[in-house]
Amino acid sequence: MCKEIIPTSEFINSKLTAKANRQLQDPLVIMTGNIPTWLTELGKTCPFFFPFDTRQMLFYVTAFDRDRAMQRLLDTNPEINQSDSQDSRVAPRLDRKKRTVNREELLKQAESVMQDLGSSRAMLEIQYENEVGTGLGPTLEFYALVSQELQRADLGLWRGEEVTLSNPKGSQEGTKYIQNLQGLFALPFGRTAKPAHIAKVKMKFRFLGKLMAKAIMDFRLVDLPLGLPFYKWMLRQETSLTSHDLFDIDPVVARSVYHLEDIVRQKKRLEQDKSQTKESLQYALETLTMNGCSVEDLGLDFTLPGFPNIELKKGGKDIPVTIHNLEEYLRLVIFWALNEGVCRQFDSFRDGFESVFPLSHLQYFYPEELDQLLCGSKADTWDAKTLMECCRPDHGYTHDSRAVKFLFEILSSFDNEQQRLFLQFVTGSPRLPVGGFRSLNPPLTIVRKTFESTENPDDFLPSVMTCVNYLKLPDYSSIEIMRDKLLIAAREGQQSFHLS
């Protein structure tokens with residue numbers, strides 16, 4: 001893997017950043033669209049001058065309409081003078097379009113919603129059939145659930161291994177999903193792939209492009225663990241993909257390729273060595289081995305490793321790999337795995353994406369940063385201090401309440417899976433926005449759940465209002481009971497929005 005010699009943070013220019021932030025946090029500049037050209041030019045040609053947050057704001061200001069840019073500004077800087085946002089000239093007017101979907105056929109319904117409203121400037125809001133919940137929570141959950149549906153093994157979209165979910169709900173029972181610890185990447189097509197299958201897969205990738213672009217545009221998050229080579233394709237950097245990028249989709253194949261590339265380098269050195277006679281060169285080439293095996297003995301042919309039906313060239317399964325054609329073989333393996341076998345999928349993906357807004361607006365970001373833009377904050381440690389600063393006790397609770405202290409202690413002990421469950425339960429999305437709890441808008445509010453004097457709080461579960469990130473928490477008698485009830489509620493309270 002390539003390590004950067006100097007961390008990118010070293011290149012951030014604090015004076016330019018301060019100047020940029022002043023421009024980007026001025027409601028008047030945003031509303032009149034008077035962003036200076038030096039800022040957009042530098043943002044795209046020298047993104048390393050500015051930290052991610054500055055470029056993210058610059059992106060929202062330049063990629064979409066002014067109302068969206070204004071909304072983004074108010075979301076990220078609530079302290080902007082309240083009187084300003086009361087000013088009718090500044091208050092953003094965003095149209096909203098509501099759609100009701102059925103949970104049973106979520107992927108199919110999502111495809112028709114995106115078909116109709118993906119390219120619309122209006123903010124998309126989702127409600128579920130026979131559930132009263134509406135607004136932010138159900139909408140965030142829609143993006144999270146559709147992201148999960150897209151990882152179903154039967155769709156044939158991704159490289160990776162098939163797994164079943166640890167605690168499946170309803171229709172997920174027995175369904176297999178694709179998992180790839182390096183991140184998801186398109187499953188390659190061979191020359192003989194059936195046209196009907198290709199058309200089906202291309203449609204799904206087109207839909208995925210639309211879904212991701214709409215999520216970015218509406219400040220929503222998707223929950224797809226995509227690999228770095230996927231993001232390079234998104235930024236049109238596919239011609240720069242090399243064997244190093246193979247590691248990000250299949251480390252086992254990548255290691256073998258590195259070994260074999262090393263043999264090719266040794267072969268070239270031997271061929272350039274003037275002191276070799278024809279016979280000694282022949283002998284030296286025959287002694288080049290990988291783990292003690294000569295190239296011929298490895299039994300390779302011109303097919304893609306792991307995909308015996310994908311020939312790297314015509315008649316490839318009948319062409320054995322030897323020391324003499326090894327270099328061509330490696331070049332074709334990398335080409336088919338990262339380019340030729342997946343280009344149709346990515347072309348469809350980019351078509352879908354660009355039907356919402358142009359991909360060129362993403363030039364402000366590096367491939368490594370697109371995960372943050374699309375999927376929000378990576379699992380970070382939740383410590384009690386941060387939670388105390390970012391969460392708001394109210395209606396019966398203060399920061400000194402025993403229940404609130406219990407809650408922060410429990411949350412800071414959660415592992416990744418429990419964090420995801422809790423977030424999905426309280427906000428509708430299994431991930432926090434970039435910046436973690438600090439960026440949650442509205443902030444997580446913890447209120448006391450009230451009961452009749454005859455009722456015991458220990459008999460009840462906590463409940464939530466996801467549209468405003470509201471947790472209604474009973475005052476439990478012990479931290480153990482609170483922990484159990486929270487986890488039960490988070491597990492059982494998934495995938496339904498009713499009045500609580």
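D262 and R265 pair up through their side chains in a salt bridge, 3.6 Å from N to O; that term covers a side-chain nitrogen of Lys or Arg within 4 Å of a carboxyl oxygen of Asp or Glu. Both residues sit in helix α12 (residues 251–272), three residues apart, or about one turn of the helix. Helices here are DSSP runs of H or I with at least four residues, strands are E runs of at least two, and both are numbered from the N terminus. D262 counts as partly exposed because its relative accessible area is 32%, and R265 is partly exposed at 44%. The cut-offs are under 20% for buried, over 50% for exposed and partly exposed in between (1.4 Å probe, protein chains only).

This is a predicted model, where local features need pLDDT of at least 70, side-chain atom pairs count only at pLDDT 80 or more, and totals for chains, interfaces and linings use all residues. Residues are numbered from 1 along each chain as its sequence is written, and side-chain values use heavy atoms, with hydrogens and water left out.

The whole structure has 26 salt bridges, including these:

| Pair | N to O distance | Citation |
|---|---|---|
| D262 and R265 | 3.6 Å | |
| D218 and R68 | 2.6 Å | |
| K214 and D218 | 3.6 Å | |

D218 and R68 are both buried, and K214 is buried too.

Now for helix α19 (residues 416–427), which has 12 residues. Nine of them are buried, so α19 is largely enclosed by the rest of the structure. Right after α19 comes G428, with a positive phi near 95°.

Conventions:
Expected span 1.5 Å × (residues − 1).
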